[in-house]
Amino acid sequence: IAGASGQPEQPENSAKQGFCRDWSECAHLALRHQRGFRHQEISARTSQNRGEYILGNDYDYINFDEAAFELHPDYVVNDVLTMRLADRQGMLDLVSTPRGRNWFYRKYLELQSSTDRAYVQSGRSTDNPYLSQEYLAAKIESLPATRVQQNIYGMFVDSGNEILKEE
C-alpha cells in the first residue's frame, strides 16, 4: 500500500498485529477478505533472521517458497513454521528449486516415501507451457551443465561441497 509520498504506509495497528518494526526490514503483504463470519488473510513474510518476523502469528497454511535456500532450515521449519500451524493443524508446503543435496534434498527423499502424509512433485521448467521455450533454450546453451540440471531440469545435483559420512 503506497501513501501520498509513494512510500509504503504501515497499517495503523501494525505493532499489535506483529508486523515488521520497520518496512525496510522485511516484506509483508496482507490481503484481507471478510467471508461470512470468518476473517481470511493472505500474508507474505520473510524468513530472514531465523524467522523472527513470523513469530507470534498462527496460520492454517504456509507456503515456504525457495525453502532449499534457507540458512537456518532446521530451526525455521521445525521451531518456527510448524509451530505457527500447531493450533489450527495447518499445512506446510515446501517449494524450491534444488540447491545441491542439502537438507531440502533429504526432506524430499523422506517425504517421497511417506505418501500418507505428503505429496511430492518435481518437474522441468521446459514442461511449463507458461515459460518462454526460447528463453529456456538460450539459458540451456549459456549456463554451466550443473546449473541447467538444477535450475531448469529441477534435479538435485552434487555441488562438490557435500561431506561424506563414514558408515
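How many nonpolar, polar and charged residues does the lining of the largest pocket have? The structure on display is a predicted model, and the tour below answers this question at its second stop.

**First stop: the largest pocket.** Select Asp93, Leu94, Val95, Phe104 and Gln121, the lining residues that lie nearest the centre of the largest pocket. The volume of this pocket is about 940 Å³. Next, colour α3 (73-85), β4 (91-95), α4 (103-112) and α6 (145-151), the elements that each give two or more residues to the lining.

**Second stop: the lining by class.** Extend the selection to the lining of the pocket, which comprises 31 residues. By class, 15 of these are nonpolar, 11 are polar and five are charged.

**Third stop: Arg50.** Leave the pocket and select helix α2, which covers residues 48-51 and contains Arg50. Most residues other than glycine have a negative phi. Arg50 is not a glycine, yet its phi is positive, at about 60°. With a relative accessible area of 38%, Arg50 is partly exposed, because a residue counts as such when its value falls between the limits of 20% for buried and 50% for exposed.

**Fourth stop: Glu66.** Select β3 (61-65) and then the loop that lies between this strand and α3, where Glu66 is found. Glu66 also has a positive phi without being a glycine, with a value near 55°. Is Glu66 buried, exposed or partly exposed? Its relative accessibility is 32%, so Glu66 counts as partly exposed.

Notes. Residues are numbered from 1 along each chain as its sequence is written. This is a predicted model: local features need pLDDT of at least 70, side-chain atom pairs count only at pLDDT 80 or more; totals for chains, interfaces and linings use all residues. Side-chain values use heavy atoms; hydrogens and water are left out. On a 1 Å grid over the protein atoms alone, a cavity is a set of points where a 1.4 Å probe fits but cannot get out, and a pocket is an open set with protein on both sides within 12 Å along at least five of seven lines; lining residues have an atom within 4 Å of a point. Grid points are joined across faces, edges and corners, and a volume is the space filled by probe spheres set on the points. Helices (H or I, at least four residues) and strands (E, at least two) are DSSP runs, numbered from the N terminus. Ala, Val, Leu, Ile, Met, Phe, Trp, Tyr, Cys and Pro count as nonpolar, Asp, Glu, Lys and Arg as charged, and the others, Gly among them, as polar. Buried means under 20% relative accessible area, exposed over 50%, partly exposed in between (1.4 Å probe, protein chains only).
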